[in-house]
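Welcome! Let's look at a protein model together and ask how its labels are earned.

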Amino acid sequence: LLVLYSAIKIAASSLAYVSALVAVAGVDEEGGHTLYWIPQVLFYTLFFASARRLRRFNRNGRRAVISLSALSLAAAVLYTVLDFAFGPGRERPALAFAIKLRLLIGGDVWDIVFPLLAILWLRTPATRQLFERE
């Protein structure tokens, strides 16, 4: 599931980046689109590679998936906090809350569910023993 999830996120981030560039006639003068989308593509590429290493019961793959999942959840929380502290959510919290709920219902919930499940499942004692046999 994690491999499929990360592959979908790579494709979605790449398509979003290309469409953002097309929208500005192929020139990202300020670099805003590049600085927003390319790190996401790279992050999910690392997540994909780490999730594939889980199939071989690689100890480092397990650690990498747990770390990347925690980083993903922390980034989502930080982004939300910053949105409500300094961004548009500060001036219009009800609207920002409604937008966040709409995004979650529209599919962003998986950005919370899959990393959370990865952390919970990969930190169980039975899973730890399975990966320590290496």
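The questions and answers below go through a predicted model, from its core to its surface.

Q: Why is Lys9 called buried?
A: Lys9 has 17% relative accessibility, and buried means under 20%. The value of 17% falls under that cut-off, so Lys9 counts as buried.

Q: Where is Lys9, and what is Lys9 in contact with beyond its neighbours within four places in sequence?
A: Lys9 has its place in helix H1. Leaving those sequence neighbours aside, its contacts are Tyr44 and Asp111.

Q: What makes a residue part of a nonpolar core, and which members touch the most others in the largest one?
A: A member must be a buried residue of a nonpolar-core type, joined to others through side-chain atoms within 4.5 Å. The largest such core here has 15 residues, and Leu2, Tyr5, Tyr44, Phe47, Leu54, Val65 and Leu122 touch the most other members. Two or more residues come from each of helix H1 (2-23), helix H2 (32-54), helix H3 (59-85) and helix H6 (110-122). H2 gives the most, with 5 residues.

Q: Which residues is Phe47 in contact with, leaving aside neighbours within four places in sequence?
A: Phe47 is in contact with Leu2, Tyr5, Ser6, Val65, Leu68 and Ser69. Another core, of 5 residues, lies apart from the largest one, and its members include Tyr17, Ala20, Leu21 and Trp37.

Q: Why does Leu101 count as partly exposed?
A: The relative accessibility of Leu101 is 38%. Buried means under 20% and exposed means over 50%, with partly exposed in between. Since 38% lies between those two cut-offs, Leu101 counts as partly exposed. You will find Leu101 in helix H5.

Q: What forms the nonpolar patch on the surface?
A: Leu1, Phe97, Leu101, Leu104, Ile105, Val109, Trp110, Ile112, Leu116, Leu120 and Trp121 form the patch, and together they have about 1100 Å² of accessible area. Members of a patch need over 30% relative accessible area, and the 38% of Leu101 meets that cut-off. Helix H5 (93-108) and H6 each supply at least two residues, with the largest share, 5 residues, coming from H6.

Q: How do you know that Thr127 is buried?
A: Thr127 has 17% relative accessibility. Buried means under 20%, so Thr127 counts as buried. Thr127 has its place in helix H7 (residues 125-132), and touches Trp121 and Leu122, not counting residues up to four places away in sequence. Of these two, Trp121 belongs to the nonpolar patch on the surface, while Leu122 is one of the largest core's residues.

Conventions
Residues numbered from 1 in each chain as written. Predicted model: local features only at pLDDT ≥ 70, side-chain atom pairs only at ≥ 80, totals over all residues. Heavy atoms only, no water. Buried < 20%, exposed > 50% of the residue type's maximum accessible area, 1.4 Å probe, protein only. Contact = heavy atoms within 4.5 Å. Patch = residues over 30% accessible without salt bridge, like charges linked within 9 Å, V, L, I, M, F, W, Y side chains within 5 Å. Areas by Shrake-Rupley, 256 points an atom, 1.4 Å probe, with all protein chains shown as cover. Salt bridge = Lys/Arg side-chain N within 4 Å of Asp/Glu carboxyl O.
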